[in-house]
Amino acid sequence: MSAPNAGDTAWVLVCAGLVLFMTPGLAAFYGGMVRTRNVLAMLQQNMIALGVVSLTWVLVGYTIAFGDDAGSGLFGNLELFGLTDLKVPPAPNLHVVDGRITIPTLAFVLFQMMFAVITPALVTGATAGRLRFGGWVLFLAVWSIVVYAPIAHWLWHPGGWLAKFGTQDWAGGLVVHASAGAAVLAVLLVVGRRRDWPHTAAPPNSIPLTIVGAGILWFGWFGFNGGDGLQANGLAAQAVLNTHLAAAAAMLVWLALERVTDGHSTVVGAVSGAVAGLATVTPTAGYVNAASAVAIGALAGLVCHFALKLKYLLRLDDALDVLAVHFVGGMLGTLLLGLFGNRGVNPLGADGLFLGGGGGLLWRQLVGVVSVVAFSFVLTWLIAAGVQALIGLRVPPADQERLDQAQQGADAYHLGGVTSLTAPGAPRHRTGTAPADEPSVPPGQRVRVVTALLEPDPAANSADLRDALLRAGAISVIVSDAAVATTTPQASLLPRGYWQDQPLAARLRVTVLVGADGVGAVLDELDRMGARRADTFVQEAERVQS
């Protein structure tokens, strides 16, 4: 047996780290897109996969996926249970490995573990706001063994029936994206829709967090696709280049479509297109040339963008469009390999229809898609229904809008509109200045309380607001967040072309304590800032004795 190659081993270990990093990236990508009160729950649903699936993979998942075939081509035997007896590196013909590959078995185990971790985590984007944490943990454990591991064996083990049939999947178009997408369909049938869907839209709580998550995913995808040849060589460079080019092309096409259909090219659209391109190029990255990768990315941006309507056609509440981006993308890329496959790039591949290979590869890819989707859908539905019956998978409707408090007793954010007001300042050391003189009245003297509602924008500078009211005679000023019912709901644009009619509009509530002779001046200042007299109140009050 040849000694392990240090360069190849280092590359595979680095790629394993990159793929691991994708799981917190996915958590941030999804976490920024959900409601403010569900952020922590979403982050936890993704991060827990690192704990649960890592252990199931070592105990039994790896031996089912990559142990010696049990004889049917459906799953491996249990000789590698718990990794207690690892004798040799991966077999020469394993996955895309040839006789030149020599890496330690544990490096391969670790690399493949990270794929097993992130695959079921994709489901959480579709089920946002509806998963009971304990039920989700049980689902993760069972699904990673019963669904993911056998599909990995079918395609990535030389004895797998789809591998022998000739279906190809470089890095997980079927094993990861199609299997997770089919699982989404099944789980959504079990957990159902959110309250009032599709009539009520859910605005994202932090688009910047989503963009950071997308950047991590893009970065991690270099390992996701670049490491599957298990060598640090030209094929790895080709796979990484293809990955990047497809994401770039898909991003631009998505943005162009947004501009035409919605009038705006948005940053969420940009990263949505990029992720669609990444998912679509995944099964092809090590089998096509750079020009084909650009074409695949462009088709991904086009098809996945229009697939956003799929959930409405199916009446499935896919909260964050996992079906459009990952399910459609994974299946599309798998079929496109039947068109763009190029043995000149990878001798272990096959020529597609456009390279003179005929329709044989396309047929084998189609069989792979149908088989994986059917298997994952049926088994996932049985698992989800079983978990729902046993301990519950769907949260009670009353908790859907407050998962963070219901499941963790905490909130992700403690900020409101008042804290976002600007004020003068500079990064300097404060030397201790005396407070400005403020109007006052003797205790026991009767004063007035003026309450008004302001639009946030005209009162954006807290110092100007305070100074203007103090000049008008205010004794004290209190500003708090408020929401008012509007006669005409305010339409706001949400990510990916969705709109929301908001019947409650954000306002600032300003409460001013003022002497009786200063009420008129305070009202005039509030009028200047946009307060409506119909929403302004003046009450008598008495200053409390100290």
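A nonpolar surface patch joins nonpolar side chains within 5 Å, taken from residues with over 30% relative accessible area and no salt bridge. The exercises below use a predicted model.

**Exercise 1. Find which residues make the nonpolar surface patch of about 420 Å², and place Leu-59.**

Solution.
- Step 1. The patch is made by Leu-55, Leu-59, Leu-78 and Phe-81.
- Step 2. Leu-59 sits in helix α2, which covers residues 39–66.
- Step 3. Relative accessibility of Leu-59 is 45%. Partly exposed lies between the 20% and 50% limits, so Leu-59 counts as partly exposed.

**Exercise 2. Decide whether Thr-243 is buried or exposed, then list what surrounds Thr-243.**

Solution.
- Step 1. Thr-243 belongs to helix α8, residues 234–262.
- Step 2. Its relative accessible area is 0%. Buried means under 20%, so Thr-243 is buried.
- Step 3. Set aside neighbours within four places in sequence. Thr-243 then contacts Trp-221, Phe-222, Asn-225, Leu-278, Val-281 and Ala-285.
- Step 4. Now look at the polar side. A polar atom of the Thr-243 side chain lies 2.7 Å from the backbone oxygen of Ala-239.

**Exercise 3. Locate Gly-360 and Leu-348, and give a C-alpha distance for each.**

Solution.
- Step 1. Gly-360 is in helix α13, residues 360–390. Leu-348 is in the loop between α12 (322–340) and α13.
- Step 2. Gly-360 has a relative accessible area of 29%, so Gly-360 is partly exposed. For Leu-348 the value is 44%, so Leu-348 is partly exposed.
- Step 3. Take Gly-360 with Gly-338. They are 22 residues apart in sequence, and their C-alpha atoms are 7.8 Å apart.
- Step 4. Take Leu-348 with Gln-168. The sequence separation is 180 residues, and the C-alpha separation is 9.8 Å.

**Exercise 4. State the average pLDDT of the protein chain, then examine residues 91–98 and 426–436.**

Solution.
- Step 1. The protein chain averages a pLDDT of 88. Of the residues, 87% score at least 70.
- Step 2. Over residues 91–98, pLDDT stays under 50. The model has 22 contacts beyond four places in sequence for residues 91–98.
- Step 3. Over residues 426–436, pLDDT also stays under 50. Here the model has zero contacts beyond four places in sequence.
- Step 4. Apply the general rule. Where pLDDT is low, predicted coordinates should not be read in detail.

Terms used. Residues are numbered from 1 along each chain as its sequence is written. This is a predicted model: local features need pLDDT of at least 70, side-chain atom pairs count only at pLDDT 80 or more; totals for chains, interfaces and linings use all residues. Side-chain values use heavy atoms; hydrogens and water are left out. Patches are made of residues with over 30% relative accessible area and no salt bridge: like charges are joined within 9 Å, nonpolar side chains (Val, Leu, Ile, Met, Phe, Trp, Tyr) within 5 Å. Accessible areas come from the Shrake-Rupley method with a 1.4 Å probe; for residues, only the protein chains shown count as cover. A salt bridge is a side-chain nitrogen of Lys or Arg within 4 Å of a carboxyl oxygen of Asp or Glu. Helices (H or I, at least four residues) and strands (E, at least two) are DSSP runs, numbered from the N terminus. Buried means under 20% relative accessible area, exposed over 50%, partly exposed in between (1.4 Å probe, protein chains only). pLDDT is the predictor's confidence in each residue, from 0 to 100. Contact means heavy atoms within 4.5 Å. A polar contact is a pair of N or O atoms within 3.5 Å; within protein, one must be able to donate a hydrogen and the other to accept it, and residues adjacent in sequence count only if both atoms are side-chain atoms.
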